[in-house]
Structures are given as C-alpha cells and as structure tokens.
Number of protein chains: 2
Amino acid sequence: MTSPDLDHVADDPPPPARRYTKGDRTKERIVEAAADLFSKSGYLAVSQRDIAAQAEITHAGLLHHFPGGKDELLMQVLERRDADDAVVLFDEHLDAWGHLDQTVRIVERNARTPGLVALYAKLSNEASDVNHPAHTYFRRRYEILREHFATVLGELVDRHGDRSALDPDTVAQQLIALLDGLQTQWLLAPETIDMRARLVDFLALLGVDTTGWRTDSA
Amino acid sequence: MTSPDLDHVADDPPPPARRYTKGDRTKERIVEAAADLFSKSGYLAVSQRDIAAQAEITHAGLLHHFPGGKDELLMQVLERRDADDAVVLFDEHLDAWGHLDQTVRIVERNARTPGLVALYAKLSNEASDVNHPAHTYFRRRYEILREHFATVLGELVDRHGDRSALDPDTVAQQLIALLDGLQTQWLLAPETIDMRARLVDFLALLGVDTTGWRTDSA
DNA sequence: GTCTATACGACGATAGAC
DNA sequence: GTCTATCGTCGTATAGAC
C-alpha cells in the first residue's frame, strides 16, 4: 500500500534543536522540488539536474547538501509523507474497527493522489534488491504494517469469535498484499477497479461488520 | 503476479514459416543474454552495452537487430516467458478446480525463480506510466488474467452455491491483487512469508475446497 | 542482411575555485 | 555554501564496410 507509517522507521537521534541556517532553507527547497517532481514523473525519470533546476540551484550545489544524490532525496520525501500517515494510522484513541476505518480512508485518499501512490508502488518493488537505498526502509515498513494489522485484526477476530480459525498475523499479510495489489491494477487501469470496494469486500469476507462502508461506487 | 499468459497479448500475424538465418541465431543469443541479465540485475540496471557484451556482439550490432533498444528486448523476454505459462494456465482440458491448482503450481515455481519474478513485479509498476514501452502489454495482460480467473471462480461459485453473493469478476480482481501483493512482500523479505499458503488460505476463505493443498510449510 | 566505427547529448559524480 | 569544469558511462543515431 502507499503511505501509512513511520517516524518509527527513521529513528534517528532527536535533532539538536539548532537554529535554521541558510542551508536548511535551501535543503527545504530541494526536498520540496524533489517531492514535486517524483510525484509527477516517478523516481527514475527525474534527474538530479531536473531537481536542481526546479530548486533554482546548480546540479553540483544540490550534491553539496545531499551527497547521496537522488537516493538520499528519496528517503527525505518518503519520511516526510510517512509522518503524516503515522498520525492517522497509529492513533491510540481508536479501537480496532476505527483503525480499519482509517485504512479505508487512506485508500480513498490514495485514489486522489496517483503520483505519490505510483512512486511508492514502484519503489516497494525496486527496493527488493538488497543494495537499493530504500531496501531497509521498506523491510521495516512492512514489518510495522504487518504488526499493526495483526493487532487490529486480532481484536476483531476475538470479538466475532466465529472465525477464530484465522491467524491474525497471516491475515495481516493477506490484507497488505491485497492493498498493494489493488494499487498495481488501479495505477495501470484506474477505470477498471474500485480499490475501496475491493478492500471492503475482503473485510466482509473476513467477517468484519462493514455496514456503513459498503458503497460499491465503482 | 508473475508469469501467466500471452501469446494472446502479442497477436501478430503468424510468422511466414521462414528458414533460420544467421541473424535469427544472433537475435536468439541477444534475447538470451537480455533475459539472463534482466533476471539477475533488473531491467533498469542493465545497459545495452552490457547485453551486447554478453551476447558477444557490438553495441551497435545489437541495435541493428533490435532498433527499439532495451524496450524491444524487454518485450521479447516477456513474451517468451508467457508462452510457457499460457500452456499450463489456459489448458482447456482442465476444470475450474484444475485451473486453480495450476495457479498454485505457478506460485510454487515463482518461489524458485526470484529473478524473473522481480522483473515482472518491477515492470508491472513501472508500466503504469502510459508512455512506458510495456504499458499496453500489461493492461492487456491483466485484462486477460481477470477474465480467466472470473471464469474459473464463476464455475466454483456455481458449484458451491453457498457463496453465490460473491461476484466472480471482482473476486478475480482480489485474487490477482493478492498474488501481486504477496510477491512484493516475498521479494522484499522471503523468509517472512509463504506465498503458497496465503493463496490457499484465501481460496479457503472463498469457500473453495482446498483439501490436499493445505500444507502450511512456510 | 549483418555488423563496426564513431559521435552526440544527458546522466551521476568529483575536484577545486570563489 | 555555491559555483564551474571535467570525467566516464549511458541511450541513441548515423555512415559505411562486408
């Protein structure tokens, strides 16, 4: 799937509460430009020079701030988006049903931001190579997601005891797989698939009460 | 998912039953080299010069046979693999249950060929861009797959009438999504997931009798 | 029809001046 | 902190030898 998560993934030491320097503002501009271009054209189609131009800096100037080049920029963009999603996904005030509801909402939002969704989808596959700059990031990401949904689904299975044969952890893997796979099809041919409806169908199949969600508006 | 399909996708006019020329053999060597390198290193990491070198030909010589460069080579590699899978997937002597059984077998085989699986996975996401050389190919591919599984699932739903509320076409979308998504997780962290077992779980959830399949050997 | 030689512009990367 | 200059490699293209 596309966005949920992290802060957790990038658990750097807390930033030393420094003052904003000129370089920080330049960095900001560069990351902004990178996010914009990545979302529009994908990761691989964008060059360092493109990003530098949009940030109104030289190609070499960009590399001064981000020696890792596109890879490093990419991580910045990912972590930035993740911070947003972590807020809604890991809200401790929600019960299991509420968490699934949030998941549906994230799917709905994703359907409105194809650029970033496509970026995540491409990356999560590129990153299967152990040498890819985002490999560790995505491994951690899926680990956290699986844990999250296993907990959520575990609670729901306990409540509707009728399906107690289902193992929360493996069902979580299935749920995540479904979300990812739906996105692949949706990105390829948006008019042929209703991601939200298919997700709700699956939850219904699991025995989750989806009344109020079930609007098959494809 | 990774491989099933086509001949159907590349519906060129039947080849004019020509004799093998020297160039055909060279083409063969080049496609072989491309398939090998793509599987090992992915599509984007491989250069035309790499392929040419492995095929023992000049970079420009390669372009004589494949003016479209890597893109054209890519399609050759894809269609070659597809020809194999079409045989087992679209076998008309099989009933619906047999077709699902073949699907499970393909998943098992995929688990033994990570290179090509990774290539397909990366491509099916890269190809969401309408300008990608394989965009049309993948659209067609998913269309055929959905049709195929809709038919298969439709028959099974008819037999076990108890779940007749399920729409074969949308369930087919879910099944394909599951297969794709499981691969993403498996490529990223093979030791954490059993693709075959998760597929069988899903089929069981649909009410398909999976006795004899259920070997949760993760 | 098969292939080599050669060149072009854009890329990621680095060194060093200001 | 930002620049210019330069490197080797990439995909692409063309001219012409065999």
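User: What share of the atoms of DNA strand C within 4 Å of the protein belongs to sugar or phosphate?
Analyst: Good place to start; this is a predicted model, where local features need pLDDT of at least 70, side-chain atom pairs count only at pLDDT 80 or more, and totals for chains, interfaces and linings use all residues. Among the atoms of DNA strand C within 4 Å of the protein, bases make up the rest once sugar or phosphate is counted, and the share of sugar or phosphate is 44%.

User: How many residues surround DNA strand C?
Analyst: Residues are numbered from 1 along each chain as its sequence is written, chains are lettered from A and ligands numbered from 1 in the order in which they are written, and side-chain values use heavy atoms, with hydrogens and water left out. A residue is near a strand if one of its heavy atoms lies within 4 Å of it. The closest to DNA strand C include Q48(A), R49(A) and T58(B), and the number of residues surrounding this strand is 18.

User: Which residue has an N or O atom in its side chain 2.8 Å from a base nitrogen of DNA strand C?
Analyst: Let's go through the polar contacts (pairs of N or O atoms within 3.5 Å; within protein, one must be able to donate a hydrogen and the other to accept it, and residues adjacent in sequence count only if both atoms are side-chain atoms). Q48(A) places a polar side-chain atom 2.8 Å from a phosphate oxygen of DNA strand C. H59(A) has a polar side-chain atom 3.3 Å from a base nitrogen of the strand. The residue at 2.8 Å from a base nitrogen is R49(A).

User: Which element gives the most to the surface near DNA strand C?
Analyst: Helices here are DSSP runs (H or I, at least four residues; strands are E, at least two), numbered from the N terminus. By class, the surface near DNA strand C holds four nonpolar, 10 polar and four charged residues, where Ala, Val, Leu, Ile, Met, Phe, Trp, Tyr, Cys and Pro count as nonpolar, Asp, Glu, Lys and Arg as charged, and the others, Gly among them, as polar. With four residues, the element that gives the most is α3(B).

User: And which element gives the most to the surface near DNA strand D?
Analyst: The elements that each supply at least two residues there are α1 (22-41) and α3 of chain A together with α2 (48-54) and α3 of chain B. By class, this surface has four nonpolar, seven polar and three charged residues. With three residues, the one that gives the most is α3(A).

User: How far is a polar backbone atom of Q48(B) from a phosphate oxygen of DNA strand D?
Analyst: V46(B) also has a polar backbone atom by a phosphate oxygen of this strand, at 3.5 Å. H59(B) instead has a side-chain N or O atom 3.5 Å from a base oxygen. For the backbone atom of Q48(B), the distance is 3.0 Å.

User: How are α5(B) and α9(B) oriented, roughly parallel or roughly antiparallel?
Analyst: The axes of α5 (residues 96-110) and α9 (residues 195-205) of chain B come within 9 Å and cross at roughly 160°; axes are lines fitted to C-alpha atoms, for helices over the stretch in contact, and angles run from 0 to 180 degrees between N-to-C directions. Angles under 35 degrees count as roughly parallel, over 145 as roughly antiparallel, 65 to 115 as roughly perpendicular and the rest as oblique. The two helices are therefore roughly antiparallel.
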